[in-house]
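Hi,

Here is the structure we talked about, ready for you to load. My notes on the ligand site and the empty space follow below it.

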Amino acid sequence: MKIAVAGTGYVGLSIAFLLAQHQEVTALDIVPSKIEQLQAGISPIKDAQIEAFLSRQQQDPSALHFSATLDATAAYENAEFAVIATPTNYDSEQNSFDTSSVEAAIEAVRAVNAQAWIVIKSTIPVGYTERIRQSMGDSRILFSPEFLREGKALADNLHPSRIVVGAPQEDAAAWQAAHTFAELLRQEADPSERDRRNADGSQGIPTLVVGTTEAEAIKLFANTYLALRVAYFNELDTYAAVRGLDTRAIIQGVGLDPRIGSYYNNPSFGYGGYCLPKDSKQLLANYDSVPQNLITAIVEANRTRKHFIAGQVLERIEDIDQPVVGVYRLTMKEDSDNFRQSAVQDIIRELKQNGVRVLIYEPTLAAQRFLDCPVTADIDSFKRESTLIVANCWNEQLADVESKVYTRDLLNHD
Ligand SMILES: NC(=O)c1ccc[n+]([C@@H]2O[C@H](COP(=O)([O-])OP(=O)(O)OC[C@H]3O[C@@H](n4cnc5c(N)ncnc54)[C@H](O)[C@@H]3O)[C@@H](O)[C@H]2O)c1
């Protein structure tokens, strides 16, 4: 089957490589450097599995059926499915995602191919697919939410928690196409997933074909729950810090209830990354005239937490003459090269507003300045020059300067 994928970021590349195991996949981007890298067998993003797949293809060109191009006609012509994985950033003026890249990609597909089933993988507002099907007069558009984590993008598609595809049930052709696409994703997953036993006793990858609006809601409610969970353990930690209690002991005791669990419970400076901040804001916008308290609280809790952390840092340096606050890494996770919306950026902004000198250690950043602060890749001079080191994630690299480190990463996991 010929499949086109628009967007060669985390989502686009992981889907493209997943499907290229047995289907003919062409990935398209509008940024020439990304396509040049892919054509040279280099991954434009840090992802161990994608790098492994690319090097496999370099050694044996028949191992994968993957190519990359800037040419929309070459990508979309004759494709049976066109998967859209372009960015949807939250626009705070419009109070909604900016979906213009998705619309541009749909128009580009239709300019050369009237028949392809378009599957939107980008995260979109609840109700978007139905609106666009009507406004564009195009019934061949589906939506499939993506649940991958950055740094493990392809691994998460080879071992998916679940597969969800949305289509209007009353449209038999679209419903059938949604099942075909779900089956493609399922077949290309790691074969070990076929024998997997799920908590409800079912076997294999749980697969749902639902309405497009329900599929969109699944994505936003899942990410907003994850944001809630981070915010909850962060507020637990704020309470313990203010009252002089042992956060670790409280979290351990709370998590031993199996309904709560001892995972995804590590305090941090705030939830961040590309998706949780924007997706929770989009869900809040979708509530519009629907009664709620919690969704607002989830969005605001992150602001409160970051302000609290900045206050803790300011307190620690208030008696120091000419302090330099060293920020250890901008990324949210150790295995990521991406720091879009990382929580520490708002801490840096607040420190700068208070006239504090900030030095950033970020070896993945080529620029010499970020947020108007100097950036270094030299860990030794960074440790020497920093009066206090602020680290969202603890790393053994800091063990020899532990006494100057401020972190809330108490459990050393996600
Ligand atoms: N990153 C994640 O962890 C993640 C997880 C689930 C869902 N999502 C959602 O998936 C979407 C993509 O996220 P991402 O992290 O892969 O983004 P990304 O920024 O890493 O990649 C998007 C790519 O699309 C390209 N692009 C932009 N306009 C285009 C167009 N008209 N045609 C072709 N390519 C175009 C960009 O150049 C870029 O390479 C977003 O809506 C995001 O919310 C992301």
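**What turned up**

The residues that line the largest cavity divide into two nonpolar, one polar and four charged. Keep in mind as you read on that this is a predicted model.

That lining is made up of Arg186, Ala189, Asp190, Glu193, Arg194, Gly204 and Ile205. The space inside the largest cavity comes to about 40 Å³, and the structure holds one cavity of 30 Å³ or more. As background, rolling a probe the size of a water molecule over the atoms shows where empty space is left.

Now to the ligand. Where does it lie with respect to the two domains? Domain 1 (2-210) and domain 2 (220-406) both give residues to the shell around the ligand, so the ligand lies between them. There are 25 residues around the ligand, and Asp29, Lys34, Thr88, Glu150 and Lys278 come nearest. Sorted by class, this shell has ten nonpolar, eight polar and seven charged residues.

Three side chains are worth a look for their N or O atoms:

- Thr88: an N or O atom of its side chain is 2.6 Å from an oxygen atom of the ligand.
- Lys34: here too the partner is an oxygen atom of the ligand, 2.8 Å from a side-chain N or O atom.
- Glu150: a side-chain N or O atom is 2.8 Å from a nitrogen atom of the ligand.

As for cover, the ligand on its own has 830 Å² of accessible area, and the protein covers 91% of it.

Best wishes

Notes: Residues numbered from 1 in each chain as written. Predicted model: local features only at pLDDT ≥ 70, side-chain atom pairs only at ≥ 80, totals over all residues. Heavy atoms only, no water. 1 Å grid on protein atoms, 1.4 Å probe; cavity = no way out; pocket = protein on both sides within 12 Å on 5 of 7 lines; lining within 4 Å. Points joined across faces, edges and corners; volume = space filled by probe spheres on them. Nonpolar A, V, L, I, M, F, W, Y, C, P; charged D, E, K, R; others polar. Near = heavy atom within 4 Å. Polar contact = N/O pair within 3.5 Å; in protein donor to acceptor, adjacent residues only side chain to side chain. Areas by Shrake-Rupley, 256 points an atom, 1.4 Å probe, with all protein chains shown as cover. Domains from an automatic or database assignment.
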